[in-house]
Amino acid sequence: MSSYIVMQGETYEEDRGLEVIWSPIYDRAGLEPHFWARMRQVKKGDCIFHYVKGAIVAISIAQSDCEEGVKPILFRLQTEEKGHVVHTKYYPLEVPLIIRDFWKDIKPLLPAKYAPFQEDGSGNGGYLYPCHEEMALLFSKLIRSLNEINTGEEQLSLSIDAVQQTNPLFTLLDRLEDHVKNVLQHNQSVFLEQQLKLWNGTCSICGIHHLKMMHATHAKSMKESILEENKDPFNGILLCANHAVLYEEGLITFDGRGRLHISQRITPEEYSKYQLKDGQKIELYPENKTYFRWHKRYHFQP
C-alpha cells in the first residue's frame with residue numbers, strides 16, 4: 001500500500017460522485033508534468049488523501065490500478081480527452097484535517113522536492129503528490145483524533161472502541177496505520193542489516209564496534225527519496241548513535257570523495273568533544289557518491 005495526496009479543489013464533488021480520481025496525460029505543450037505522470041504509479045489498494053481548499057476532506061482506497069481512458073462524466077458535458085483514471089472508494093471526513101492547524105507537525109515531514117504544500121501551509125498547484133509513510137501515519141493519527149471527538153450524540157454512550165468498530169473510517173485507519181508501522185519497522189530492520197554488512201559493523205567516524213550503539217541512517221532521507229532510493233543500501237551510512245544524530249541534523253556531512261565536513265555551528269574547540277577530525281576521510285563505495293553529494297548539498301548546514 002502506497003499513499004498519495006490529491007489536490008482536487010473544484011473537481012472534488014464530481015470526482016467523489018463518480019468515485020474516481022482523474023487527470024489529463026499531457027499539457028498544452030505536449031509535456032507530461034510529474035503530478036499527472038505519478039497517476040501511473042497508483043495501484044489497487046493504495047491510499048489517497050483528498051485535499052480541498054486547505055484541508056484533507058476525505059480518504060479513499062484505490063479499487064483499480066491506474067488506467068488510461070476518457071473521464072466518466074456525471075455533471076459536465078462529455079469530453080473525448082483521454083487521461084489517467086483510478087477508481088476509488090471515498091470515505092468523507094466528518095471533521096476535515098485543516099493543514100494549517102497542524103502545520104508545526106506537518107512541515108518537518110515535507111520533502112524539498114515534490115512537496116504538496118508550500119512554506120505557509122497552503123497547497124501547491126498540480127494534482128497528485130507522493131505521501132511517504134511518516135506523513136501518512138501522521139495524517140491518520142490526526143484524522144482519528146479529530147473524528148473520535150466528533151462521534152455524535154447518539155454514540156456518546158458507547159466506548160471509543162465500540163464507536164471505532166461501527167465506523168468504517170476507523171477500520172480503514174487501523175489498516176493503514178498497521179501497514180505503515182509494519183513497513184517502517186521492516187524497512188529499518190533490513191536497512192540496518194545492509195549497513196552493518198557494508199560498513200563492517202563499525203562507526204565510519206570513530207570506529208566504535210558495538211551493535212547496540214550502531215545506527216543506520218539515510219544520506220538522502222526517506223521523505224526525499226523515491227521508493228528505489230529508499231531501498232538502495234548505498235543510500236546510507238553506519239554511525240554510532242552520537243554521530244548519527246549529528247549527521248541527521250546536518251551538522252556533519254561527507255562529500256563525494258568521502259571527506260568529512262563540519263558545520264560552523266560546531267566550534268573547533270568542540271571537535272574533540274564530538275570525536276571529530278576536520279578533513280577526515282572515509283572509504284566510500286562508488287554507489288555512495290550520488291547520495292552523499294545530495295546530503296552535503298541539501299541537508300548539510302555549513
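This briefing describes charged and aromatic side-chain contacts in the structure above. The model is predicted, and a search of the whole structure finds 10 aromatic pairs, while the salt bridges in the structure number nine. A selection of these contacts is set out below, together with two places where a charged side chain lies over an aromatic ring.

**Salt bridges**

- Arg-144 and Glu-177 form a salt bridge in which the closest N and O atoms are 3.3 Å apart, and this pair links distant parts of the chain, since Arg-144 belongs to helix α4 (residues 133–149) and Glu-177 to helix α6 (residues 168–198), 33 residues apart.
- Both partners of that bridge, Arg-144 and Glu-177, are buried, and salt bridges that share partners join the two residues with Asp-174 into one network.
- Asp-120 and Arg-100 also meet through their side chains in a salt bridge, with a distance of 3.5 Å from N to O, and here too the pair links distant parts of the chain, 20 residues apart.
- Of these two residues, Asp-120 lies in the loop between α3 (103–106) and β7 (128–130), whereas Arg-100 lies in the loop between β6 (82–98) and α3.
- Asp-120 has a relative accessible area of 43% and is therefore partly exposed, because this value falls between the limits of 20% and 50%.
- A further salt bridge brings together the side chains of Asp-105 and Lys-104, at 3.4 Å from N to O; Asp-105 is partly exposed, with a relative accessible area of 33%, whereas Lys-104 is exposed, with a relative accessible area of 69%.

**Aromatic contacts**

- Trp-294 and Tyr-298 form an aromatic pair that is tilted, with 5.3 Å from centre to centre and 40° between the planes.
- Both residues of this pair, Trp-294 and Tyr-298, lie in helix α9 (residues 289–299), where four residues, or about one turn of the helix, separate them.
- Trp-294 counts as buried because its relative accessibility is 15%, which is under the 20% limit, whereas Tyr-298 is partly exposed, with a relative accessible area of 48%.
- Elsewhere, one aromatic cluster is formed by Tyr-51, Trp-103 and Phe-117.

**Charged groups over rings**

- Arg-38 places its charged end over the ring of Tyr-114, at a distance of 5.1 Å from the ring's centre.
- Lys-89 is found over the face of Tyr-91, and the distance to the ring centre is 5.6 Å.

Note on methods
Residues are numbered from 1 along each chain as its sequence is written. This is a predicted model: local features need pLDDT of at least 70, side-chain atom pairs count only at pLDDT 80 or more; totals for chains, interfaces and linings use all residues. Side-chain values use heavy atoms; hydrogens and water are left out. A salt bridge is a side-chain nitrogen of Lys or Arg within 4 Å of a carboxyl oxygen of Asp or Glu. Buried means under 20% relative accessible area, exposed over 50%, partly exposed in between (1.4 Å probe, protein chains only). Rings of Phe, Tyr and Trp (its six-membered ring) pair if their centres lie within 6.5 Å; planes under 30 degrees apart count as stacked, over 60 as edge-to-face and the rest as tilted. A charge sits over a ring if NZ of Lys or CZ of Arg is within 6 Å of the ring centre and within 35 degrees of the ring normal.
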